[in-house]
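Reader: Please take one helix of this model and go through it closely. I would like its geometry and its neighbours in one connected account.

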Amino acid sequence: MTTAAAHPDRRPHPAQQDQAQQHPYRVTPTRVLRSEWHKLRSLRSSWITMGSAAVLMLAVGLVMGTTYTSDGGDSDVDTVVLVLYGSVLSTLCTVVLGILVTAGEYSTGLIRASLAAVPRRLPVLWAKAAVFAVSVFVAMLTTALLTFLAAQFFLHDTDQAASLGDPGVLGAIVGNSAGITLLSLIALGLGALLRSVPGAIGTYIGGVLILPEVLSMLPYDVVESAIKYFPTQAAGVLGSATPLEGDASAGGALLALCLWAGASLGTAALLLRRRDA
């Protein structure tokens, strides 16, 4: 009797057994995330674009490190910006990947299967965004740290010598990766919104890259102040250890980028609920 009391019957209640048998493949957030992670890592395009982003950042950083000389007149350039200048090219790669994650499924028709498996629809978009954001941030942060350390191996005896412990350096490296991630999330939202890979790429280039340059030519102070919080300009502030005078604050830039990404994904989510697959 004592043994029986110490080890009570742990078999599930009959009602729980019936529920498990009726819903063996119930949709849960964890399963949706796992599905999106499997799709992202199983696509060849994911490895090619992410690998290209890493190689470009590292290659440009090494070129900057090996060719820099103290008497070249660039001593006033931010060290992190100089070393991670390849982030501009890396961002283009991750932006294309973000668009392929969403718009690519519409072009292949896979989105119908995804939405049929998850009838509520929105969990699919949130899972795509979460898996993609974590993957890009981890990959870009790892590459940025490696690039900085590799470039500093050649810059240690120049006026651009720096270490991770210097004021603002580590924060700028993390901010650089966060900026790339948020810019790529904007692209992911555009892909889900427009459902077209060429259309989303064109909209991103025109709206995110070209429009601020066109607006900057207008002779209005209010326009100049607003441009500081446009996506690419805000990302540049996050990736700088010593922001220039007149730039937005790091907190303001981060908030602006989050709002831009939220607007892109929020609009896509709103239309996802209302439109047919």
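Author: What follows is a close look at helix α6 and the helices that pack on it.

This is a predicted model, in which local features need pLDDT of at least 70 and side-chain atom pairs count only at pLDDT 80 or more, while totals for chains, interfaces and linings use all residues. Residues are numbered from 1 along each chain as its sequence is written, and side-chain values use heavy atoms, with hydrogens and water left out.

Helix α6 covers residues 87-108; helices here are DSSP runs (H or I, at least four residues), numbered from the N terminus. With 22 residues, α6 reaches 30 Å from its first C-alpha to its last, close to the 32 Å expected at 1.5 Å a residue; the expected span is 1.5 Å times one less than the number of residues. At V101, α6 bends by about 45°, the bend being the angle between axes fitted to the seven residues ending there and the seven starting there. Just after α6 comes G109, with a positive phi of about 85°.

Three partners are described here, beginning with α4. Helix α4 (residues 44-67) crosses α6 at roughly 170°, and their axes come within 8 Å; axes are lines fitted to C-alpha atoms over the stretch in contact, and angles run from 0 to 180 degrees between N-to-C directions. That makes α4 roughly antiparallel to α6, a label for angles over 145 degrees, whereas 65 to 115 counts as roughly perpendicular, under 35 as roughly parallel and the rest as oblique. On the α4 side the contact (heavy atoms within 4.5 Å) involves S45, S46, T49, M50, S52, A53, L56, M57 and V60, and on the α6 side S87, L89, S90, C93, T94, L97 and L100. By class, nine of these residues are nonpolar, seven polar and none charged. Ala, Val, Leu, Ile, Met, Phe, Trp, Tyr, Cys and Pro count as nonpolar, Asp, Glu, Lys and Arg as charged, and the others, Gly among them, as polar.

The next partner is α10. Helix α10 (residues 197-215) packs on α6 at an angle of about 140°, with the axes 9 Å apart, and the two are therefore oblique to each other. From α6 the contact uses T91, L92, V95, I99, L100, A103 and G104, and from α10 it uses V197, A200, I201, Y204 and L209. This contact has ten nonpolar, two polar and no charged residues. L100 of α6 thus appears in the contact with α4 and in the contact with α10.

Last comes α7. Helix α7 (residues 110-117) packs on α6 at about 105°, with the axes 5 Å apart, so the pair is roughly perpendicular. E105, Y106 and T108 of α6 meet L110, I111 and S114 of α7. Here the classes are three nonpolar, two polar and one charged.
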